[in-house]
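Trainee: Could you go through this structure with me and show how each label is earned?
Mentor: Gladly; ask away.

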Amino acid sequence: MTAAARSYQANRVSLAKALRPESIDELQQCIDPGVAVPFPLRPRGGCTASTDCNTSSGGLVIETTGLNRILIIDPDNQRVTVEAGVRLQDLVNALDEFGLELPGCFDLYRHTVGGAVAAPCFGPGVGEDAASLARQIISMKIVTPSGELVSISADDSRFMPLFRASYGLLGVIAEVCFRVRPKRVFDRTYKKVSHEQLLRTLETLADLPIGLKFFVLPHRDRAYLEVLRQTESTRSIHDRFWKAKDWGETVVLPTIFRSLNKVVPMPTLRYRLIDGVSGITKDLSQSRLFETGSYSVAAGYRQTGSTSDTANYSTWLFSASRASEIAEDYIEFCQSLFERTGYRADLPTVGFRVAKDPSALMSPSRSRAMIALQTSSTRTDGWEDFVIDLADFAEAHGGVPVFNQTRAVRSGYAQRVYGDALNNFVAMRRKLDADNRLLNPFLSQYFR
Ligand SMILES: Cc1cc2nc3c(=O)[nH]c(=O)nc-3n(C[C@H](O)[C@H](O)[C@H](O)COP(=O)(O)OP(=O)(O)OC[C@H]3O[C@@H](n4cnc5c(N)ncnc54)[C@H](O)[C@@H]3O)c2cc1C
């Protein structure tokens, strides 16, 4: 009996309903239609998605984190081959030792290579680097719903765009070969601004091919703007300070906010404290220590161990050419919703530019550059209603959802926004997985 089969037997007893293959062979056995396992089968990597795209209550989850080997780092040919369960953080660290990097500033390194390729994963890189990680794929190996192992190369213009951002609906990614490059340095400009200054800047900068990120405190006239530019500078990067900054922002801040939400009952005082602490943390980032950086230090490490430590979040993308108008309406939406319902997100809203990226059929920025707006909160009471109101706001502003990060997306709206791309994707999904073995109830709202 293989380790995967043993694990299945054990899990049947404990009803944990998860398999954890440790090799491609074992992965194939998990998916083999000849083996009687309950389905849907759902691949799961780091489990950092904010939706139910990685769950399978009636069937089985395939945990990919047992496929965790970095197979080849090839500096001469600037490529790396990894198994799909490798954490992105481990990959970035390993590349760093060879003076190499993935082109792009991908936040949150607890997610896995497979998850970041199967679900669109993007970050605020400079110019074209602000596209999806999946764009850097040279080739990948996938186990299809029929248990067959197939290899697809980037030259395959029919299948590669289909399999990138396919949410594990067409098969489970087992191995990926990425393009990498020698590590680059960027100059970072960071400024505290008012809402009005932010909107004016977005009007001129949001559609330009630079690295652009901003943080907004909608309930205080405060925002922070970060602009990244590639440089030839040889100034040293203060790794330790970048790590401390990240730890403050992604671990300490949410922990303090969770406590304040519990112990300070008066909303006025609580939110004054919360916004004050956010402001102080962001003000510290203005230090000259952070004027130079690289993707490996700037991307969020989020050193928390469990998914339950992660704040709630929902991300929508909007046309970059309308960024200023949308940011203005978003601030107004947050303020009026707070007045009406008493709910507000406690963490600053993060926005960043995403480059036009037609490399995947289901790419959210397939036809134009976008601005991603990520709303996060540690407050759970009221969050579910909030994301529905946020979805109404986003729909009214032509927002584009992603099915791993956007909450409360109506299926009719998804159909309208993705149009023919979604129809073509669904037609192919039905062909490759006629028995819907990989389709769970959440994804079937959009992809049946
Ligand atoms: C606080 C926070 C901030 C975030 N910020 C960003 C951000 O800035 N930019 C961004 O793009 N994302 C962001 N994310 C989202 C998240 O990092 C992405 O959804 C990530 O790509 C998911 O990786 P994962 O390994 O956790 O996948 P999971 O959550 O486990 O799965 C995501 C999807 O991929 C599928 N999948 C997983 N592994 C495989 C595989 N091997 N083969 C086929 N399908 C697979 C799953 O079935 C599911 O549909 C953030 C998440 C959090 C919690």
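**Labels and their cut-offs**

Trainee: In β16, which residue is the bridge partner of Lys 213?
Mentor: Phe 352 is the partner of Lys 213. Before we go on: this is a predicted model, where local features need pLDDT of at least 70, side-chain atom pairs count only at pLDDT 80 or more, and totals for chains, interfaces and linings use all residues. Residues are numbered from 1 along each chain as its sequence is written, and side-chain values use heavy atoms, leaving out hydrogens and water.

Trainee: What makes β12 and β16 a pair?
Mentor: Two strands pair if DSSP finds at least two bridges between them. Strand β12 (residues 211-217) and strand β16 (residues 349-354) have 4 bridges, in the antiparallel sense, so they qualify. Strands here are DSSP runs of E with at least two residues, and helices are runs of H or I with at least four, numbered from the N terminus.

Trainee: Where do β12 and β16 sit in the sheet?
Mentor: The open sheet of 8 strands runs β14-β11-β13-β12-β16-β17-β15-β18, with antiparallel pairing. β14 (292-293) and β18 (400-401) are called edge strands, as each pairs on one side only.

Trainee: Why is Ala 427 called partly exposed?
Mentor: Buried means under 20% relative accessible area, exposed over 50%, and partly exposed in between (1.4 Å probe, protein chains only). Ala 427 has 42%, so partly exposed is the right label. Ala 427 belongs to helix α12 (residues 411-432).

Trainee: Which residues of helix α6 are buried?
Mentor: In α6 (residues 195-205), they are His 195, Leu 198, Leu 199, Leu 202 and Leu 205. They cover an arc of only 145° around the axis, taken from the directions from the helix axis to the C-beta atoms, which puts them on the same side of α6. On the other side, Glu 196, Arg 200, Glu 203 and Thr 204 are exposed.

Trainee: What makes the approach of Thr 112 to the ligand a polar contact?
Mentor: A polar contact is a pair of N or O atoms within 3.5 Å; within protein, one must be able to donate a hydrogen and the other to accept it, and residues adjacent in sequence count only if both atoms are side-chain atoms. An N or O atom in the Thr 112 side chain is 2.7 Å from an oxygen atom of the ligand, so the pair qualifies. Taken alone the ligand exposes 980 Å², and the protein buries 99% of that (Shrake-Rupley method, 1.4 Å probe).
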